[in-house]
Amino acid sequence: MSDGKTPKTVVMIQCVGSRSLKANPYCSFVCCSVALKNAQLLKQEYPEMDVIIYYIDIRTTDKGNEEYYRTIREADVRMIRGKVGELTEDDDHNLMVRAYSSLTGELTKIKADMVVLSTGMNPSKGTMEAIEVLGLAKGPNGFLTEIHGCLKPQETKNIGIYICGCAAGPKNIPYSVSTALAAASKAAALLSHKTIIQELIIAEVDETLCSGCHRCEKVCEYKAISISDDGIAQVDDLKCKGCGVCISSCPARAIDLKYYRDRQFEAELKGIGQSEIDSSQKESTKIEN
Ligand code: SF4
Ligand code: SF4
């Protein structure tokens, strides 16, 4: 609770809810730089203010940020390496921060007027809704996941849907802007073509066999199947990726993959078997000769 007075001592605590197996195991990426910026602004505005930052290790990996970190240290901001063990408030709303300094091995105790927590970044409500509505893939941390982190960092498994910014994980503003530009150029490139090349091996439903049981609809990760008003499964050709999962779920064997039907596959296997027999026969003829 605020008493409305300008605080004399401000303590910032880094990695609250981040880099912990009990909370978010990942680094939230921006908090170190943001805390340093806030510390600098406070010292500029209130030079007498005591500003202390508790940290595990400072991660200032972006361009120019390491130099910025050195500047802040020289600006009389106290940096204490160590995890805060206890934060208490007395009846007069005075805050007490107790922590172990891993550099000096001492237990520190600081009375603070204000404590600022650098809390971990989580996927937004909008990101979670997009995952649900569009049937997009999410990673173990709940953020959207791309097809390939190095080669296709903006593409999702759904054609025409690209990701950028914090939807794919914690990012600072410059990184968010560059991923947004990349996603926009990917979308523009797609729209610049008169035709879209679509994979031919996609699911098709035999309407005479389908009973509309919804099983295929439930297992399709790409949300490519819906059940029509007539109770028949329908495949969205643009969404289907030909993964074949729906085929094994269908109790009526009503689904197959176009150009990859059982009989086509069996014919292919037969063909391979026959060509092996032919070549071994040729070999044995050569030896006999
Ligand atoms: S699982 Fe088979 S029977 Fe059930 S809705 Fe899908 S295609 Fe129709
Ligand atoms: S083949 Fe895969 S992507 Fe296509 S409808 Fe079946 S489960 Fe969905």
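Let's start with Tyr-260. Tyr-260 sits in the loop between strand 11 (255-257) and helix 7 (262-288). Keep in mind that this is a predicted model. Is Tyr-260 buried or exposed? Neither label fits: Tyr-260 is partly exposed, with a relative accessible area of 41%. Patch residues need over 30% relative accessible area. Tyr-260 belongs to a nonpolar patch on the surface, together with Phe-265, Leu-269 and Ile-272. Taken together, the four offer about 370 Å² of accessible area.

Now a second loop. Thr-60 lies between strand 2 (50-55) and helix 2 (65-74). Thr-60 is buried, because its relative accessible area is 6% and the cut-off is under 20%. What does its side chain touch? The side chain of Thr-60 makes a polar contact of 2.9 Å with the side chain of Glu-66.

On to the ligands. Ligand 1 first. Around it we find Cys-210, Ser-211, Gly-212, Cys-213, His-214, Arg-215 and Cys-216. Ile-227, Ala-233, Cys-250, Pro-251 and Ile-255 are also around ligand 1. How does that shell divide? Into 8 nonpolar, 3 polar and 1 charged.

Then ligand 2. Its surroundings include Ala-203, Cys-220, Tyr-222, Ala-224 and Ile-225. They also include Cys-240, Lys-241, Gly-242, Cys-243, Gly-244 and Cys-246. This shell has 8 nonpolar residues, 2 polar and 1 charged.

One last look at the cysteines. Around ligand 1 they are Cys-210, Cys-213, Cys-216 and Cys-250. Around ligand 2 they are Cys-220, Cys-240, Cys-243 and Cys-246. That's the tour.

Definitions and conventions. Residues are numbered from 1 along each chain as its sequence is written. Chains are lettered from A and ligands numbered from 1 in the order in which they are written. This is a predicted model: local features need pLDDT of at least 70, side-chain atom pairs count only at pLDDT 80 or more; totals for chains, interfaces and linings use all residues. Side-chain values use heavy atoms; hydrogens and water are left out. A residue is near a molecule or strand if one of its heavy atoms lies within 4 Å of it. Ala, Val, Leu, Ile, Met, Phe, Trp, Tyr, Cys and Pro count as nonpolar, Asp, Glu, Lys and Arg as charged, and the others, Gly among them, as polar. Patches are made of residues with over 30% relative accessible area and no salt bridge: like charges are joined within 9 Å, nonpolar side chains (Val, Leu, Ile, Met, Phe, Trp, Tyr) within 5 Å. Accessible areas come from the Shrake-Rupley method with a 1.4 Å probe; for residues, only the protein chains shown count as cover. A salt bridge is a side-chain nitrogen of Lys or Arg within 4 Å of a carboxyl oxygen of Asp or Glu. Helices (H or I, at least four residues) and strands (E, at least two) are DSSP runs, numbered from the N terminus. Buried means under 20% relative accessible area, exposed over 50%, partly exposed in between (1.4 Å probe, protein chains only). A polar contact is a pair of N or O atoms within 3.5 Å; within protein, one must be able to donate a hydrogen and the other to accept it, and residues adjacent in sequence count only if both atoms are side-chain atoms.
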